[in-house]
Amino acid sequence: MCDATGRGEILTPVDFPWQLPVVLVKPPFGIPTPWAYKQWSTSHPLQGVLYAPQLCPWGPMVNDLERPVFEKWSLLPTLKMWLLDQAETRAALMSGSGSTVFAVAESERDAAAWLPRRLHTVVKPPG
């Protein structure tokens with residue numbers, strides 16, 4: 001396990017005694033990393049979206065690239081905030097420059113059951 005800083009290129013090994021399930025949600029589009037970095041300086045936070053570090057027993061979790069990406073792709077902040085509203089979620093963030101969003105669940109049972117069962121309320125299937 002490592003703590004990643006900078007652009008993700010600086011890795012520092014850390015002791016991580018927790019074994020927590022993570023659920024990944026990958027929308028059917030990607031986001032170019034250079035675009036996200038270029039937009040960051042002119043981006044603004046969206047009202048009602050949590051950007052502050054999420055304080056967890058293993059340390060704070062935050063992703064500064066959420067701000068520019070969330071401005072353009074509205075599904076992603078909706079998905080993140082929905083995940084954070086679930087009682088079983090310890091933390092939820094966008095991964096890197098997106099578009100994958102992940103949630104750390106309380107247990108394997110939660111990770112296996114709650115997301116597939118409820119995700120349709122956020123992401124409507126076509127048709």
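This report walks through the fold, strand pairing, largest pocket and aromatic contacts of a predicted model.

## Overall fold

Let's start with the chain as a whole. Its secondary structure comes to 4 helices and 7 strands. Following the sequence from its start, these elements appear in the order β-β-β-α-β-β-α-α-β-β-α. The chain has 127 residues, and 37% of them count as buried.

## Strands and their partners

Strands E1 and E2 (residues 10–13) run antiparallel and are joined by 4 bridges. Within this pairing, Thr5 stands opposite Ile10 of E2. The two strands form a hairpin with 4 residues between them. If you look into that turn, you will find Gly6, which has a positive phi of about 70°.

Strand E3, covering residues 22–25, is a nice one to view from both sides. In a regular strand, side chains alternate between the two faces of the sheet. In E3, Val23 and Val25 make up the covered face, whereas Val22 and Leu24 belong to the uncovered one. E3 also has an antiparallel partner in E7, with 4 bridges between the two. Val23, from the covered face of E3, has Ala103 as its bridge partner in E7.

## The largest pocket

The largest pocket holds about 1,100 Å³ of space. Its lining counts 31 residues, and those nearest the centre are Asp3, Ala4, Met61, Val62 and Leu93. Several elements give two or more residues to this lining: strand E1 (2–5), helix H1 (33–40), strand E5 (59–61), strand E6 (89–94) and strand E7 (101–105).

E1 provides the largest share of the lining, with 4 residues. E1 is thus a good place to begin a tour of the pocket, and you have already met this strand as one arm of the hairpin with E2. By class, the lining consists of 18 nonpolar, 9 polar and 4 charged residues.

## Aromatic contacts

There are 6 aromatic pairs in the structure. One of them joins Phe29 and Trp73 as a stacked pair, with 6.2 Å from centre to centre and 15° between the planes. This pair links distant parts of the chain, 44 residues apart: Phe29 lies in the loop between E3 and H1, and Trp73 in the loop between helix H2 (66–72) and helix H3 (75–85). Phe29 counts as partly exposed because its relative accessibility is 23%.

Trp73 also pairs with Trp35, and here the geometry is edge-to-face because the planes stand at 80°, with the ring centres 5.1 Å apart. This contact, too, links distant parts of the chain, since Trp35 sits in helix H1 and Trp73 in the loop between H2 and H3, 38 residues apart. Trp35 has a relative accessibility of 23%, so this residue counts as partly exposed.

Elsewhere, ring pairs link Phe16, Trp18 and Trp58 into a cluster. A ring can also meet a charge: the charged end of Arg67 sits over the ring of Trp40, 4.5 Å from the ring centre.

## A buried loop residue

One last stop is Val49, in the loop between H1 and strand E4 (54–56). Is Val49 buried or exposed? Its relative accessible area is 15%, and therefore Val49 is buried, as the cut-off for buried is under 20%. The C-alpha atom of Val49 is separated by 8.3 Å from that of Thr78, although the two residues are 29 residues apart along the chain.

Key. Residues numbered from 1 in each chain as written. Heavy atoms only, no water. 1 Å grid on protein atoms, 1.4 Å probe; cavity = no way out; pocket = protein on both sides within 12 Å on 5 of 7 lines; lining within 4 Å. Points joined across faces, edges and corners; volume = space filled by probe spheres on them. Nonpolar A, V, L, I, M, F, W, Y, C, P; charged D, E, K, R; others polar. Buried < 20%, exposed > 50% of the residue type's maximum accessible area, 1.4 Å probe, protein only. Pairing = 2+ DSSP bridges. Phe/Tyr/Trp six-rings, centres within 6.5 Å; stacked < 30°, edge-to-face > 60°. Lys NZ or Arg CZ within 6 Å of the ring centre and 35° of its normal.
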